[in-house]
Amino acid sequence: IDPKTGFVYGPTAVYVARSASAKAVGPYLAPADLLVTEAPYRSRQAAGEDDPFAAIYQTSVEIDRPGPLTILAVTRVNNGLVAAGTQVRVVAKQADRIPDRGEPAPRVSTETIASARGNIEAIDTRIPADSMHRTNLLEVLGKKPVALIMATPALCESRVCGPVVDIAEQLKAKYGDQVEFIHQEVFVDNNPSKGLRKPLRDFNLRTEPWLFTIGADGRVAARVEGSFGLEAFERAVRAAIAQS
């Protein structure tokens with residue numbers, strides 16, 4: 001983010017180190033992945049061409065052990081370099097209670113138009129409501145590939161729930177005959193003060209948005225947290241298809 005709180009775009013790479021004084025490893029190239037969908041799939045909470053937050057940088061880094069990690073993102077702009085640093089704590093795999101690749105997806109019931117007795121606004125804060133509330137996860141788990149997006153377009157703290165649900169709608173038009181797309185809202189009664197809905201608690205989630213794609217074998221093919229664009233979402237969908 002620049003001094004005027006605008007988003008910075010340019011060729012970007014990530015470096016990682018065990019501490020601020022340790023030797024860094026990298027660069028890991030982090031190309032921008034678009035959040036902007038085609039016009040027919042955009043909601044009122046969408047990212048548009050004029051939106052300053054129209055893409056997200058993404059890369060994958062394999063970490064060999066848990067512990068603190070210092071991260072530096074470096075972007076080339078105007079023939080110079082700008083950088084932003086942060087720190088995270090890597091958690092051991094055995095301490096991660098969120099379903100990961102290769103693990104069975106929790107057998108949970110997701111909300112549908114039928115369970116909401118036709119009140120779509122009770123289970124979808126997107127405007128207009130999307131088309132991913134017809135099927136309960138329990139009905140298709142272990143039978144058909146699934147793309148489960150847990151997001152709240154109107155109440156998202158990170159500003160990206162609307163765009164990622166729009167991406168789901170666009171990819172549903174492309175892969176809907178092969179994959180069941182399901183959107184699950186986040187907060188009880190769409191009220192953040194009431195906490196998370198049961199499907200999120202059953203997945204041991206504490207944040208949003210999340211994407212889980214699940215193969216026809218009922219096992220998680222991919223999971224993606226937070227900001228993710230069209231390419232990352234489509235890779236996750238293809239992983240579920242390939243696993244089936």
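## Two loop residues with positive phi

Let us start in a loop: aspartate 189 sits between S8 and H3. Its backbone deserves a look, since aspartate 189 is not a glycine and yet has a positive phi of about 55°. The model in front of you is a predicted one. Is aspartate 189 buried or exposed? With a relative accessible area of 53%, aspartate 189 is exposed, because the cut-off for that class is over 50%.

Asparagine 79 is another residue other than glycine with a positive phi, here near 65°. Asparagine 79 belongs to the loop that links strand S5 (67-77) with strand S6 (80-90). Its relative accessibility is 80%, so asparagine 79 also counts as exposed.

## The chain as a whole

Now for the wider view. The chain holds four helices and 10 strands. Going along the sequence, they come in the order β-β-β-β-β-β-α-β-α-β-α-β-β-α.

How does the radius of gyration of the chain compare with that of a compact globule, and why? For 244 residues, a compact globule would be expected to have a radius of gyration near 18 Å, and the 19 Å of this chain agrees with that. Along the principal axes, the C-alpha atoms fill a box of roughly 55 × 40 × 35 Å.

Of the 244 residues in the chain, 45% are buried. Among contacts with a separation of 6 or more, 67% come from residues 24 or more positions apart.

## A buried glutamine in strand S8

Strand S8 (residues 180-184) includes glutamine 184. The relative accessible area of glutamine 184 is 1%, and buried means under 20%, so this residue is buried.

Which residues does glutamine 184 touch, once its neighbours within four places in sequence are set aside? Its contacts are Thr110, Glu111, Leu148, Ile149, Met150, Ala151, Arg197, Pro199 and Leu200. A C-alpha to C-alpha distance of 9.8 Å separates glutamine 184 from leucine 137, while the two are 47 residues apart in sequence.

## Two cis peptide bonds

If you plan to inspect omega angles, here are two places to look. Glycine 26 and proline 27 are joined by a cis peptide bond, with omega about 0°. Proline 27 is part of strand S2 (residues 25-29).

The peptide bond that runs from glutamate 208 to proline 209 is cis as well, and its omega is near 0°. Where is proline 209? Proline 209 is in the loop between helix H3 (198-202) and strand S9 (210-214).

## How H2 and H4 pack

Two packed helices are described by the angle between their axes and by the distance between those axes. For helix H2 (residues 161-175) and helix H4 (residues 230-242), the axes come within 10 Å and cross at roughly 45°. H2 and H4 are therefore oblique to each other, and their crossing is right-handed.

Which residues make the contact? H2 contributes Val164, Ile167, Ala168, Gln170, Leu171, Lys174 and Tyr175, and H4 contributes Leu230, Phe233, Glu234, Val237, Arg238 and Ile241. By residue class, the contact of H2 with H4 has nine nonpolar, one polar and three charged residues.

Technical notes
Residues numbered from 1 in each chain as written. Predicted model: local features only at pLDDT ≥ 70, side-chain atom pairs only at ≥ 80, totals over all residues. Heavy atoms only, no water. Axes fitted to C-alpha atoms, helices over the stretch in contact; angles between N-to-C directions. Parallel < 35°, antiparallel > 145°, perpendicular 65-115°, else oblique. Left-handed = near helix turned anticlockwise from the far one by under 90°. Contact = heavy atoms within 4.5 Å. Nonpolar A, V, L, I, M, F, W, Y, C, P; charged D, E, K, R; others polar. Rg over C-alpha atoms; globule rule 2.2 N^0.38 Å. Buried < 20%, exposed > 50% of the residue type's maximum accessible area, 1.4 Å probe, protein only.
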